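Work through the following exercises with the sequence and the coordinates side by side, and attempt each task before reading its solution.

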Amino acid sequence: MTVLVTGGAGYIGSHAALALLDAGRKVVVLDNLSQGHRWAVPAGAAFVEGDCGDIDLVSRVIREHDVTAIMHFAGSIIVPESVVYPLDYYYNNTVNSRALAQAAVDSKVRHFIFSSTAGVYGEPAKTPILEDFPSKPISPYGTSKMMTEKMLQDASVAHDMNFVALRYFNVAGADPKGRAGQTSRKATHLIKIASQAASGVRSHLDVYGDDYATKDGTCVRDYIHVSDLANAHVLALEYLEKGGESDVMNCGYGRGFSVYEVIDAVKRVSGNDFTVNLAERRAGDPAALIAGADRIREKLNWKPEYDNLDTIVTHALAWEESLKQRQANAA
């Protein structure tokens, strides 16, 4: 009765592994460490270095660890990069996910939880965004995730496997106990970058466009604390184990903050000022993405604990300080 967590050495995957362990679950992490870190795998979780697209390896891990459920986080996540290298994204996010799903079906793993994205909606006509809005991604990243959702939907009809695809909005913050946080080598998340700027890790922060049709011209996003998101995965697993029907669910709080509002929050909470430059828009950035989150609250009885921007920023800043200390100790 073990949960296989792909990408468990990365940002969200490591938090999900912690949440599973906190809930008394057995966990095995599979990660190729292309983006994650071995030290980020929580103590108490077994670790296998490898690729989730390697069917033979995944099948062996499932067999040896008695895996009954999979949480799939491994993948590429940078929207502008996906526009430049679309085939890389379709391979890593879609082809490898197809192989993982095949291994799950072959090994009779009955429950599958997929790390999807609000990017599947593209540029929605209105907000909040509901799960039954049409999927019209405007980036290869969003399309690659949408294709995996479709594969899981079809596989769940044909085979004895149910799934939940959790569509993340903007994930931020860090474990309140300081056990995990964002360490991505190519971070693009606003709160992460702003926290680095406030901590002196970066010299400045770029704002990509201020001419969007929003309250201050900058993009508006629904920022969700990573620990609330991790807990949603545990609840989704319990839901599936009780026989819940396969479904897709938004993961957000149902409210949004602009880029400038986030920058103000980071400066206020940290007490540090930093340089902000205006840059051109990035390809694939919708103006506003705010979740309609009734479904996940009703079906999973999800009750977020950290729905507060200053709290999210506080935890993100604390993690940056811990990273600086880690680097200093390693020097």
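The exercises below treat a sheet, a helix lying across strands, and two helix packings.

The model is predicted, so that local features need pLDDT of at least 70 and side-chain atom pairs count only at pLDDT 80 or more, while totals for chains, interfaces and linings use all residues. Residues are numbered from 1 along each chain as its sequence is written, and side-chain values use heavy atoms, with hydrogens and water left out.

**Exercise 1.** Establish the strand order of the open sheet and identify which strands stand at the edges.

*Solution.* Begin with the elements, where strands (E, at least two residues) and helices (H or I, at least four) are DSSP runs numbered from the N terminus. Two strands pair if DSSP finds at least two bridges between them, and the seven strands of this open sheet follow the order β3-β2-β1-β4-β5-β6-β11, with parallel pairing. Next, β3 (46–49) and β11 (247–251) each have a single partner strand, so one side of each is left without a neighbour in the sheet. From one strand to the next, the twist averages 20 degrees. Finally, take one pair in detail: β1 (residues 2–6) and β2 (residues 26–31) are joined in the parallel sense over five bridges, and L4 has V28 of β2 as its bridge partner.

**Exercise 2.** Describe how α2 lies relative to the strands and how it packs with α4.

*Solution.* Helix α2 (residues 55–65) lies across β1, β2, β3 and β4 (67–72), and runs at about 165 degrees to β3; axes are lines fitted to C-alpha atoms, for helices over the stretch in contact, and angles run from 0 to 180 degrees between N-to-C directions. The axes of α2 and α4 (residues 86–106) come within 9 Å and cross at roughly 40 degrees. The two helices are therefore oblique to each other, a class left over once angles under 35 degrees (roughly parallel), over 145 (roughly antiparallel) and 65 to 115 (roughly perpendicular) are set aside. In the contact (heavy atoms within 4.5 Å), I55, V58, S59 and I62 of α2 meet R98, A99, L100, Q102, A103 and A104 of α4.

**Exercise 3.** Characterise the packing of α8 with α10, and list the residues that make the contact.

*Solution.* Helix α8 (residues 259–270) packs with α10 (residues 309–330) at about 60 degrees, the axes lying 9 Å apart; α8 and α10 are therefore oblique to each other. On the α8 side the contact is made by E261, V262, A265, V266, R268, V269 and S270, and on the α10 side by L309, D310, V313, T314 and L317.
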